[in-house]
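Thanks for making time this morning. I would like to walk through one model with you, and I will try to keep to what the coordinates themselves can support.

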2 protein chains.
Amino acid sequence: MRRWNGWGDDTIEVPVGEGALRFLTQQLGPGTGPADASFEAVCAQLVPSRLPPHPLVDTSPAVRLTHALGQSLQDWLRLRYGRIEAAPDGVAFPESADEVRELIRFAIDHGAAVVPYGGGTSVCGHLDAARDRPTLSIDMSRMRALTNLDRESLLATFGAGVAGPDLEAQLRAHGYTLGHFPQSFEYSTLGGWVVTRSSGQQSLRYGRIEQLFAGGRMETPQGQLEIPNFPASAAGPDLRELVLGSEGRMGILTEATVRISPVPAFEAFHAVFLPDWERAERAVRSIVQARLGLSMLRLSNAVETATMLTLAVHGKTAAQQVALLETLLRLRGAGADKCMLLVGASGAGDNRGQARAALASALTIARRHGGVHAGRGLGERWKKNRFRNVYLRNAAWAHGYAIDTVETALDWPRVTPGMRAVEQAAREAMAAEGEQVHAYTHLSHLYAQGASVYTTFIWRLAGNFDADLARWRRLKNAVSDAIVAGGGTISHQHGVGLDHAPWLRAEKGALGMQALGALFRAFDPEGCMNPGKLLTP
Amino acid sequence: MRRWNGWGDDTIEVPVGEGALRFLTQQLGPGTGPADASFEAVCAQLVPSRLPPHPLVDTSPAVRLTHALGQSLQDWLRLRYGRIEAAPDGVAFPESADEVRELIRFAIDHGAAVVPYGGGTSVCGHLDAARDRPTLSIDMSRMRALTNLDRESLLATFGAGVAGPDLEAQLRAHGYTLGHFPQSFEYSTLGGWVVTRSSGQQSLRYGRIEQLFAGGRMETPQGQLEIPNFPASAAGPDLRELVLGSEGRMGILTEATVRISPVPAFEAFHAVFLPDWERAERAVRSIVQARLGLSMLRLSNAVETATMLTLAVHGKTAAQQVALLETLLRLRGAGADKCMLLVGASGAGDNRGQARAALASALTIARRHGGVHAGRGLGERWKKNRFRNVYLRNAAWAHGYAIDTVETALDWPRVTPGMRAVEQAAREAMAAEGEQVHAYTHLSHLYAQGASVYTTFIWRLAGNFDADLARWRRLKNAVSDAIVAGGGTISHQHGVGLDHAPWLRAEKGALGMQALGALFRAFDPEGCMNPGKLLTP
C-alpha cells in the first residue's frame with residue numbers, strides 16, 4: 001500500500017547502507033529519527049467537511065488526509081509531525097469529463113476551491129487546500145484508459161489521470177512507449193506532467209512533455225476547451241502552450257493525446273568518468289551541441305559522484321568493487337575530483353544503427369576531454385534503480401536526516417557559477433542554524449543552450465516541527481534567491497505551486513504576471529481553480 | 001530596387017520557359033497579361049494622411065504605398081490594378097525600443113491603429129491598414145543589428161527587424177547560421193517569423209521558429225515585456241509562446257535571441273523518385289519516423305513532379321536531359337505517376353558522420369518503397385533556386401496567369417485525403433467560373449505525426465480587378481473550407497492575418513478565441529495593435 005507520510009509503496013524499503021550512514025554521521029553529526037504521528041491521530045485532527053453531500057464526493061477523513069499534501073519537504077514535515085493546517089473538505093473520483101464538469105459546477109455553486117489531484121507527487125505545494133473557503137479535491141486516477149491509438153501518426157489518447165507505469169503498460173502492449181520517465185514516474189500522471197511542464201530522464205530523445213503533448217480536452221468553469229492536435233501550426237498562439245504549466249488555474253485536463261514511439265530494440269547506458277568538473281562540463285557541452293541523437297546525458301559533480309559511489313555500497317564485496325574501480329580510474333587520471341557522466345542511447349527499427357553510432361561518438365568526444373569509459377555496469381545499475389533512489393528519503397528520515405532537492409536551468413556560461421552559488425547558499429543557510437548540509441549536484445537535462453542544474457541537500461533533522469520547518473524555509477529561501485540571482489528559472493521540471501510562487505515574478509515580470517492572470521480569469525472568472533498556486537493573489 | 005507591385009528585386013527576372021508556357025496554354029487556355037497601374041497613378045489615389053506630424057513619421061504617398069500591402073494574391077490584385085482601398089497614414093522607421101514605445105504612444109494618443117511591418121511578405125493580410133481610423137505603420141527594418149553573440153550557449157541576439165540574408169551574413173561572419181530558410185527568406189524578418197510562427201525549409205534539422213526563438217523584448221501599449229531566455233523551464237506557461245503567433249496584437253517585438261548552429265561543413269540534397277504517391281507517402285513517413293537527423297524532406301506529388309520537370313526546361317539541351325532522366329526512371333519503375341522526393345542532410349563538426357549516415361539510411365528506406373535514387377543534381381538545383389522560384393509569379397502574371405498557394409498540416413491518415421480535397425475544391429471553384437486550375441502539391445515539412453500540405457494553384461486572369469478578385473475569393477474560400485473539413489490547421493507556416501481569420505474559430509473553439517482575446521487585451525486594452533488581424537472583432 002502507498003505510504004501516507006513518505007514516498008512510495010510500503011513494501012519497498014531502500015536502506016541507507018552502513019558506509020553511507022557512517023558518512024552522514026561524519027559529515028552532519030549523528031541523527032535521530034523523530035517519532036511519526038499516527039495516521040489515526042492525524043485523521044482525528046481534521047475539521048469536519050464544510051461541503052454539502054454529493055454522490056461523487058467522499059468526505060471521510062482518511063481520504064481527505066491522503067489527498068491533503070504532496071511530496072515537498074514541507075509536506076513531509078506536516079505529515080510526519082501531524083501538523084496538517086488544511087485538508088480538502090472532500091475528494092471526488094470522476095470517471096468522465098461530464099462528471100468533472102459537474103464537480104467543478106458543484107464547487108463553484110458552494111463557494112469552494114477546486115484542487116486537481118493526479119499522483120500527489122508535487123514537490124512545490126500544488127495540492128494545498130485553500131485556507132479561506134472549502135476545498136474540493138478532484139482525483140483523476142479513474143480516468144486512465146487508452147481511448148485511441150493512431151499507429152500511422154504515432155499518437156495515443158489517454159484519460160489524463162493515467163499514471164506512468166499504467167500508461168507505459170498500455171502502450172507497450174501495442175509495441176509503443178511514451179518515453180517520459182521523471183523520477184516520480186511510479187505515481188505521477190499524464191495530466192500532472194502536462195500542467196507542470198514535466199521533463200523525463202530520457203527527454204534528450206523523446207522530448208519534454210511540451211513536445212510529447214499533442215492536444216486534448218480541458219474542463220474549465222467556462223466550458224470545455226478542446227485543444228486541437230496538429231503536427232504543427234502557425235494559426236496564432238498555440239492553445240497547448242496555455243495549458244502546459246497552467247497548474248490547475250484554468251481547469252482540469254481530462255484527456256491528452258501524446259506522441260509515442262516504438263519500444264526501443266536497442267538501449268544502453270554507459271558511464272564515463274571525467275577528471276574534473278571543468279573538463280566534464282566542456283565534454284557534455286560538446287556532446288550535446290553535436291546533436292548526436294542520444295537519449296540521455298546526466299553529469300554528476302565530484303561530490304555527487306563520490307556520494308553515489310558511497311551510497312552504492314552495501315556489504316564488503318561492493319566496497320571492494322568500488323575501491324577497485326576507483327583505483328583503476330585514478331591510474332587513468334580520474335582521481336578525487338572525478339565526475340561521473342551517464343550516456344544513454346536508444347534506437348528502434350531504422351535508427352538502431354544511429355543510436356549505436358551516437359553512443360560511440362559521445363564516448364569519443366568524452367575521451368577527447370580526458371574521459372575514462374567505465375562500461376555499461378554503472379549505467380545499467382542506474383537504470384535499474386532510477387525509480388528506487390527516491391525511496392532512500394524514507395530510510396534517511398528514519399535515521400534523522402532530511403533530503404530535499406532544487407532544480408533550475410541556465411545558459412551554459414551560468415551553469416557552473418549557478419551550481420556553486422546554490423550549493424554555497426545552502427551551506428550558509430544551514431551554518432546559520434549551526435548545522436552542516438551535504439550538497440551535491442548533477443546536470444539532469446542537457447540542451448545545446450544550457451543545462452538543468454539539480455542539487456540535492458542532506459541535513460540533520462532537529463526533531464520538532466517548528467525547528468525543522470524553520471530550517472527548511474531558510475534553506476529553500478536561500479537557494480531560491482541564489483537561483484534567481486544566478487539567472488536561472490525557478491523551476492526546470494517541477495513547476496511553481498505555492499513554494500516557488502514568490503520567485504516567479506522575477507522571470508515573468510509584472511506585465512507577464514498580469515497577462516497570465518488575465519488568461520486564467522478568461523477560463524475561471526470566479527477564481528475557484530487551484531487558487532494561490534503559480535500566481536500569488 | 002524592390003518591386004512595388006510584385007515579388008523581389010526588379011533586376012531579377014525568372015522567365016516562364018517556352019515549354020512551360022505551352023503547357024499553361026494547353027491546360028488553362030491562352031492568357032493575356034493585364035496592364036498594370038503605374039506607381040504614380042496609385043500614389044495619387046491615396047487620401048491625405050490623417051496623422052499629425054511627428055519627427056519619426058513619414059507621410060509621403062510613396063512610402064505609404066510601399067507599406068500598404070503584402071504578397072497575398074489579393075494584395076497583388078489591388079496593386080496591379082491600382083485599387084488600394086486603404087493605406088497607412090504614415091510610416092515610421094524606429095531605431096530603438098524607446099522610439100517604438102514613443103510611436104505606439106503617439107498612435108494611441110491620436111486614436112490610430114498600429115500595423116507592425118517587417119519585410120512586407122505576408123501572404124494572408126497582416127498589413128492591411130485599419131478602415132475605421134488612421135493607421136501608423138511601424139517598419140522595423142532599421143533595428144537589424146547583432147547585439148550579442150554567446151558562443152558557449154549558441155545564442156545570438158538581433159534587432160527584430162533584421163531580414164533573412166542580413167541575419168545570415170552577420171552570423172556567418174562568426175561561423176554560425178540560424179538555418180531558418182522560409183521561401184520569403186530574401187525579405188522576411190526575424191520579428192515577422194516569430195509573430196507568424198514561421199517554418200523554414202530545413203526545419204527538420206534546425207526546428208521551426210518556435211524552437212529557434214529563445215527570448216526577447218516586446219514593446220506593448222502596457223509597457224515592455226521581457227521574455228526570459230532559458231534552455232527550458234517549468235515555471236508556468238511560457239511567455240515565448242504568447243508572443244509566437246501573436247501577429248502584432250500584443251505589441252511589437254524589438255529584439256529576439258535565437259538558437260544558432262555552426263555553419264554546416266557537410267550539406268547535400270539528393271533526389272529520389274518514388275513510383276507513385278501511395279508508395280511515396282509510405283516512404284517519407286518511414287523516413288521521418290526513423291528520426292535520422294536529416295535536414296530536409298520534401299515530397300512532390302505526381303502533378304508537381306511533372307510540373308517541375310516541365311518548368312525546369314529552358315532550351316533544347318535541358319529538354320533532352322529531362323527526357324533522358326524520365327526514360328531512365330521509367331526503366332526502373334518510376335513512370336507517369338512518379339513523385340520526386342528531395343532529401344537533405346547537413347552536418348557540422350562532430351555530427352558530419354551522422355549527417356552522411358542519415359542520408360544513406362533515408363535512401364535505403366526509400367529504395368525499400370521502390371525509390372530510384374537520382375543523385376545530387378536535382379537537389380542542388382533546387383537549393384540554388386529555392387528563393388528564385390517565387391519570382392516566377394511575376395513572369396506568369398505578365399503572361400496572364402495567377403499563381404497562389406495554400407498550406408496546412410495534418411496527421412498522417414488525413415494527409416492524402418486532405419491534399420486531394422484541397423486540389424479538388426480548387427478545381428471545382430474554378431470550374432464554376434468556367435475556368436481550369438492547374439493544382440499540384442508537395443509535403444513541405446515532415447513530422448513523425450504528419451505533414452504540411454502545400455498546394456499551388458495556377459489559373460488564368462480575367463483581366464479586370466473585380467472579376468479576378470471574385471475568382472480568387474471563390475478559390476480561397478473553397479480551399480480553406482476543404483482544409484478545415486479535412487481536419488487541418490488553417491495555416492502551418494504563413495499565419496492567420498485577415499485572410500485566414502474566418503477559419504480560425506474552427507480550430508481554436510469559442511472558448512479558445514475568447515481566451516486569446518483576453519490575453520491580447522491585457523497588453524493592449526485599447527485595441528490599437530494590428531486590429532482585426534488573427535481574431536476578427
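Let me begin with a question: how many Å separate the centres of domain 1 of chain A and domain 3 of chain A, taken over C-alpha atoms? The answer is 43 Å, and for orientation, the assignment divides chain A into domain 1, covering 39-139, domain 2, covering 148-262, and domain 3, covering 266-386.

Before going further I should say that this is a predicted model. The mean pLDDT of chain A is 96, with 100% of its residues reaching 70 or more, and for the complex the predictor gives an ipTM of 0.96 together with a pTM of 0.97.

Now to the arrangement of the two chains. A turn of 180°, with a shift of 0.0 Å along the axis, lays chain A on chain B with an RMSD of 0.0 Å, and that is the relation of a two-fold axis. If you are looking for the axis on your screens, go to Leu519(A), whose C-alpha is the one in chain A nearest to the axis, at 2.7 Å. The same surface serves both copies, in that 100% of the contact residues of chain A recur in chain B.

As for the contact itself, chain A contributes 78 residues and chain B contributes 78 residues. On the side of chain A that touches chain B, the elements giving two or more residues include the helices α10 (239-243), α14 (352-368), α17 (412-431) and α19 (501-523), and also the strands β16 (401-411) and β18 (450-460). Of these, α19(A) supplies the largest share, with 14 residues. Sorted by class, that side of chain A holds 35 nonpolar, 28 polar and 15 charged residues.

Turning to the interior, the largest nonpolar core has 326 residues, and among those with the most contacts inside it are Leu297(A), Leu341(A) and Ala426(A), along with Leu297(B), Leu341(B) and Ala426(B). Taking Leu297(B) as an example, and leaving aside residues up to four places away in sequence, we find that it touches Leu204(B), Val284(B), Ile287(B), Val288(B), Leu341(B), Val343(B) and Leu446(B).

Finally, I would point to helix α12 of chain A, residues 302-311, where Ala302(A), Glu304(A), Thr305(A), Thr307(A) and Leu309(A) are buried. The buried residues of α12(A) pack against the helices α11 (277-289) and α13 (316-331), and against the strands β13 (296-300), β14 (339-347) and β17 (437-446), of chain A.

Methods. Residues are numbered from 1 along each chain as its sequence is written. Chains are lettered from A and ligands numbered from 1 in the order in which they are written. This is a predicted model: local features need pLDDT of at least 70, side-chain atom pairs count only at pLDDT 80 or more; totals for chains, interfaces and linings use all residues. Copies are superposed by least squares on the C-alpha atoms of residues with pLDDT of at least 70 in both. Two residues are in contact if their C-beta atoms, placed from the backbone, lie within 7 Å. pLDDT is the predictor's confidence in each residue, from 0 to 100. Domain bounds come from an automatic or database domain assignment. Helices (H or I, at least four residues) and strands (E, at least two) are DSSP runs, numbered from the N terminus. Ala, Val, Leu, Ile, Met, Phe, Trp, Tyr, Cys and Pro count as nonpolar, Asp, Glu, Lys and Arg as charged, and the others, Gly among them, as polar. A nonpolar core is a set of buried Ala, Val, Leu, Ile, Met, Phe, Trp, Tyr and Cys residues joined through C-beta atoms within 7 Å. A residue is buried if 20 or more other C-beta atoms lie within 10 Å of its own, exposed if 12 or fewer, and partly exposed in between; C-beta atoms are placed from the backbone.
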